[in-house]
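Take a moment to look at the model below before reading on. Then we can walk through it together, step by step.

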Amino acid sequence: MPSVYLHYFDTESCNSILETSGIIKKKGNQALGLMSIRCPGCKELNKPGSRFCTKCEMVLTYDAYAETLAKEQHRDSEINHLRVKLEAVQEEQNQRFDQVIEMIRYNPKLARLKREVLMTRPLKKK
Ligand SMILES: [Zn+2]
């Protein structure tokens, strides 16, 4: 039993339990937080504590992975939100265009447009 308190960071306590149980090998006296991290993708050796590979930007920690996933989900929901807004704006624009064309058809003096332009219809949504 240590005579002073032990302070664990990040996954150190988990690893300590796994080492004690013999599930993983002991890392010797080297502190886990000071170990370089080898990228599983490109084999680049990254500084201790790196969250992403400096060479290929692969995630190196679970926290970085979870953060990246959350950012992607946020971005996807933003894109969907903007897509819905864009469709609504396009629909409104088409309706207004139809109204203007109808008005001009009943009273061509409202616009000094060429006949060909008046016959042009907006593209229909698929
Ligand atoms: Zn890499």
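Helices and strands are runs assigned by DSSP, with at least four residues for a helix and at least two for a strand, and they are numbered from the N terminus. With that in mind, the protein chain reads α-β-β-α-α along its sequence, which comes to 3 helices and 2 strands. Please remember that this is a predicted model.

**How sure is the prediction?**

The mean pLDDT of the protein chain is 82, and 67% of the residues score at least 70. Where is confidence lowest, and where is it highest? The low end is helix α3 (residues 115-118), with a mean of 63, while the high end is β2, at 96.

**How much is buried?**

Of the 126 residues in the protein chain, 2% are buried. Contacts tell you something about the fold too: among those with a separation of 6 or more, 5% join residues that are 24 or more positions apart.

**The helix α2**

Now find α2, which covers residues 62-106. This helix has 45 residues, and from its first C-alpha to its last it reaches 66 Å, close to the 66 Å expected at 1.5 Å a residue. How many of the 45 residues of α2 are buried? The count is 0, so α2 is hardly covered; a residue is called buried if 20 or more other C-beta atoms lie within 10 Å of its own. As you trace the helix, keep this in mind: an α-helix has 3.6 residues a turn, so residues three or four places apart point the same way.

**Three loop residues to look up**

Here are three residues to find in the loops.

| Residue | Loop | Other C-beta atoms within 10 Å |
|---|---|---|
| Lys-43 | between β1 and β2 | 10 |
| Glu-57 | between β2 and α2 | 12 |
| Ala-111 | between α2 and α3 | 13 |

Lys-43 sits between β1 (37-38) and β2 (45-46). Its phi is positive, about 70°, although Lys-43 is not a glycine. Is Lys-43 buried or exposed? Lys-43 is exposed, because 10 other C-beta atoms lie within 10 Å and a residue with 12 or fewer counts as exposed.

Glu-57 also has a positive phi without being a glycine, near 65°. With 12 other C-beta atoms within 10 Å, Glu-57 is exposed.

Ala-111 is partly exposed, with 13 such atoms within 10 Å. The C-alpha atoms of Ala-111 and Ile-101 are separated by 9.7 Å, and these two residues are 10 residues apart along the chain.

Conventions: Residues are numbered from 1 along each chain as its sequence is written. This is a predicted model: local features need pLDDT of at least 70, side-chain atom pairs count only at pLDDT 80 or more; totals for chains, interfaces and linings use all residues. Two residues are in contact if their C-beta atoms, placed from the backbone, lie within 7 Å. The expected span of a helix is 1.5 Å times one less than its number of residues. pLDDT is the predictor's confidence in each residue, from 0 to 100.
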